[in-house]
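Student: Before we accept the labels attached to a model, could we go through the reasons behind them?
Tutor: Yes, let us take the labels in turn and set each value against its criterion.

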Amino acid sequence: MVKPQPSLYPFGIRIDEPIGMLTDVIVALFCLYFFYDLNKRKIPGRAQLYLQYYFLVMGLATFLGGVTGHGFLYALGFGWKLPGWTFGIISVALLERSAIAHARPLLKTPFRKFFLALNLVELSAVLMITMNTLSFKWVGYHSVYGLFAIVTTFHGYTYYRTRDQGSLLILGAVVVTSIASIIFMYKLSIDTWFNSLDISHTLLGMAAFMMYLGAISLHKSE
């Protein structure tokens with residue numbers, strides 16, 4: 001069994017789960033760069049716009065998750081996990097809206113409007129429950145629902161109908177994210193200094209890069 005990762009004390013400042021915090025911050029920087037690059041490219045389409053802001057919000061989620069949720073949680077208290085969780089929930093909702101918007105030409109209007117409305121109801125409900133319970137499990141439930149019931153379904157259908165390489169890349173990113181979740185859930189660690197948290201963060205960084213490649217490869221949907 002891998003031992004817990006010891007704290008580090010650079011300049012006398014205590015940092016818990018230091019590699020977990022570092023990998024979170026690195027993923028955040030990549031996400032913020034992807035947001036900047038997509039904004040600069042100004043790719044038309046609502047699906048691409050939602051993806052652009054997905055990277056911004058995901059960058060904030062992973063940065064806060066690393067700093068307030070891991071590294072300095074001992075000084076801030078458990079409630080400081082909530083900001084990272086909140087941004088994480090919003091980021092998945094943006095990813096869902098992007099998938100629905102991209103499939104728009106292939107969907108009947110009532111069907112599309114139903115899932116867009118459901119997206120807002122689901123987002124509001126999960127945020128309220130998470131804030132009231134301070135339980136990460138609701139963040140997990142929302143991610144599973146968003147990635148598999150919505151993102152995989154809509155991009156899978158789009159790829160089936162159009163062979164859109166952007167949709168295929170996003171589906172690949174979902175697969176990598178699923179592997180990261182399994183590693184985190186079952187605590188599959190390599191070493192004290194590269195444990196399940198660190199591995200899952202590294203894989204999430206790879207998934208973010210695939211998502212970015214998907215964003216710039218999506219066919220114009222509207």
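What follows is a discussion of burial, salt bridges, a surface patch and pockets in this predicted model.

Student: Why is threonine 158 called buried or exposed, whichever it is?
Tutor: Threonine 158, which lies in helix H6, has a relative accessibility of 2%, and since buried means under 20%, threonine 158 counts as buried.

Student: What makes methionine 185 buried or exposed?
Tutor: Methionine 185, placed in helix H7, has 57% relative accessibility; because the label exposed applies over 50%, methionine 185 counts as exposed. Methionine 185 also belongs to a nonpolar surface patch of about 450 Å², made together with Ile182, Tyr186 and Leu188.

Student: How do you know that aspartate 16 and arginine 14 form a salt bridge?
Tutor: The closest N and O atoms of this pair are 2.8 Å apart, and the criterion asks for a side-chain nitrogen of Lys or Arg within 4 Å of a carboxyl oxygen of Asp or Glu, so the pair qualifies as a salt bridge. In general, side chains of opposite charge can pair when their charged atoms come close. The two partners carry separate labels, for aspartate 16 is buried at 13% relative accessibility, whereas arginine 14 is partly exposed at 30%.

Student: What makes arginine 41 and aspartate 37 a salt bridge, and where do they lie?
Tutor: Their N to O distance is 2.6 Å, which satisfies the limit of within 4 Å, so this pair too is called a salt bridge. Both residues lie in helix H1, 4 residues apart, about one turn of the helix. By this rule the count comes to 2 salt bridges.

Student: Why is arginine 41 given the label it has, and why aspartate 37?
Tutor: The 43% relative accessibility of arginine 41 falls between the 20% and 50% cut-offs, so arginine 41 counts as partly exposed; aspartate 37, with a relative accessible area of 5%, is under 20% and therefore buried.

Student: How many residues line the largest pocket, and what are their classes?
Tutor: The largest pocket, with a volume of about 1100 Å³, is lined by 37 residues, and Phe136, Val139, Ser143, Ser181 and Leu204 lie nearest its centre. By class, its lining has 21 nonpolar, 14 polar and 2 charged residues. The second largest pocket holds about 410 Å³ of space, and its lining divides into 5 nonpolar, 6 polar and 4 charged residues.

Terms used
Residues numbered from 1 in each chain as written. Predicted model: local features only at pLDDT ≥ 70, side-chain atom pairs only at ≥ 80, totals over all residues. Heavy atoms only, no water. 1 Å grid on protein atoms, 1.4 Å probe; cavity = no way out; pocket = protein on both sides within 12 Å on 5 of 7 lines; lining within 4 Å. Points joined across faces, edges and corners; volume = space filled by probe spheres on them. Nonpolar A, V, L, I, M, F, W, Y, C, P; charged D, E, K, R; others polar. Patch = residues over 30% accessible without salt bridge, like charges linked within 9 Å, V, L, I, M, F, W, Y side chains within 5 Å. Areas by Shrake-Rupley, 256 points an atom, 1.4 Å probe, with all protein chains shown as cover. Helix = DSSP H or I, 4+ residues; strand = E, 2+ residues; numbered from the N terminus. Buried < 20%, exposed > 50% of the residue type's maximum accessible area, 1.4 Å probe, protein only.
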